[in-house]
Amino acid sequence: MRRIPVDVPALGDIRFVQAEQQRDQQGEPVLRDGVPVQVASLLIKPKGERPEVLQVKVVRAEPVRVDENARVRITDLTATPWSRDGRDGVSYQAADITPIGGPQPPKQ
């Protein structure tokens, strides 16, 4: 499937909700080229539209650690349409998610 670049500024205000390691159906961590895949939940608020939560995958060795409700920057966001077993949707992936301004939470 083709990855489609997303106009991040058009998403409006972007806030971090949470992130967790993606796991397969057997509960094992999902890796891409040996690197863990994190799934970040981000609250987006486009101007004049209803807010919604996007699930964005990020492949990175370190977990995504950002304070809850902190504004974030998304680098190289893409959307990939998918269809499987009569269901369809769009998955999102980014090169990175980082906090905008302010102190970063301590690394654990």
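## Ile74 and its surroundings

Ile74 is buried, with a relative accessible area of 8%, a value that falls under the 20% limit for that class. The residue belongs to strand E6, which covers residues 72–75. The model described here is a predicted one.

Beyond its neighbours within four places in sequence, Ile74 is in contact with Val8, Ile14, Leu42, Ala94 and Asp96. Val58 stands 16 residues away from Ile74 along the chain, and the C-alpha atoms of the two are separated by 10.0 Å. A further distance links Ile74 to Gln21: these two residues are 53 apart in sequence, and their C-alpha atoms are 18 Å apart in space.

## Overall architecture

The protein chain contains 9 strands and 0 helices. Read from the N terminus, the order of elements is therefore β-β-β-β-β-β-β-β-β. Of contacts between residues at least 6 apart in sequence, 58% join residues that are at least 24 apart.

The radius of gyration of the protein chain is 14 Å, which agrees with the value near 13 Å that a compact globule of 108 residues would have. Along the principal axes, the C-alpha atoms fill a box of roughly 40 × 40 × 20 Å. The accessible surface comes to about 7,500 Å², and carbon and sulfur atoms account for 46% of that area. Among the 108 residues, 29% count as buried.

## Strand E2: Phe16 and Gln21

Phe16 is found in strand E2, a strand that spans residues 13–21. With a relative accessible area of 4%, Phe16 is buried. Its contacts, leaving aside neighbours within four places in sequence, include Ala40, Ser41 and Leu42. The same list for Phe16 continues with Val64, Val66, Asp67, Glu68, Asn69, Ala70 and Val72. Phe16 and Val64 are 48 residues apart in sequence, with 9.9 Å between their C-alpha atoms.

Gln21 is also placed in strand E2. At 23% relative accessibility, Gln21 counts as partly exposed, whereas Phe16 is buried. Not counting residues up to four places away in sequence, Gln21 touches Pro29, Val30, Pro36, Val37 and Gln38. Leu42 appears among the contacts of Phe16 and also among those of Ile74.

## Strand E8: Tyr92

Tyr92 is found in strand E8, which runs over residues 87–94. Outside the residues up to four places away in sequence, Tyr92 touches Val6, the run of Leu54, Gln55, Val56 and Lys57, and also Leu77, Thr78 and Ala79. Tyr92 and Ala79 lie 13 residues apart in sequence, and the distance between their C-alpha atoms is 4.6 Å.

## Loop residues with positive phi

Two residues other than glycine with a positive phi are described here. Asn69 has a phi near 70° and lies in the loop between E5 and E6. At 48% relative accessibility, Asn69 counts as partly exposed. Asn69 is also one of the residues in contact with Phe16.

Asp85 has a phi near 50°, a positive value in a residue other than glycine. This residue lies in the loop between E7 and E8. Asp85 counts as exposed, its relative accessibility being 75%, a value over the 50% limit that defines the class.

## The largest pocket

The largest pocket holds about 770 Å³ of space. Its lining is made up of 28 residues, and those nearest the centre are Gln22, Lys57, Trp82, Arg84 and Ser91. Lys57, one of these residues, is among the contacts of Tyr92.

Several strands give two or more residues to the lining of the largest pocket, namely E2 (13–21), E4 (35–45), E5 (52–59), E7 (78–84) and E8 (87–94). The largest share, 6 residues, comes from E7. By residue class, the lining divides into 8 nonpolar, 11 polar and 9 charged residues.

Key. Residues numbered from 1 in each chain as written. Predicted model: local features only at pLDDT ≥ 70, side-chain atom pairs only at ≥ 80, totals over all residues. Heavy atoms only, no water. 1 Å grid on protein atoms, 1.4 Å probe; cavity = no way out; pocket = protein on both sides within 12 Å on 5 of 7 lines; lining within 4 Å. Points joined across faces, edges and corners; volume = space filled by probe spheres on them. Helix = DSSP H or I, 4+ residues; strand = E, 2+ residues; numbered from the N terminus. Nonpolar A, V, L, I, M, F, W, Y, C, P; charged D, E, K, R; others polar. Rg over C-alpha atoms; globule rule 2.2 N^0.38 Å. Buried < 20%, exposed > 50% of the residue type's maximum accessible area, 1.4 Å probe, protein only. Contact = heavy atoms within 4.5 Å. Areas by Shrake-Rupley, 256 points an atom, 1.4 Å probe, with all protein chains shown as cover.
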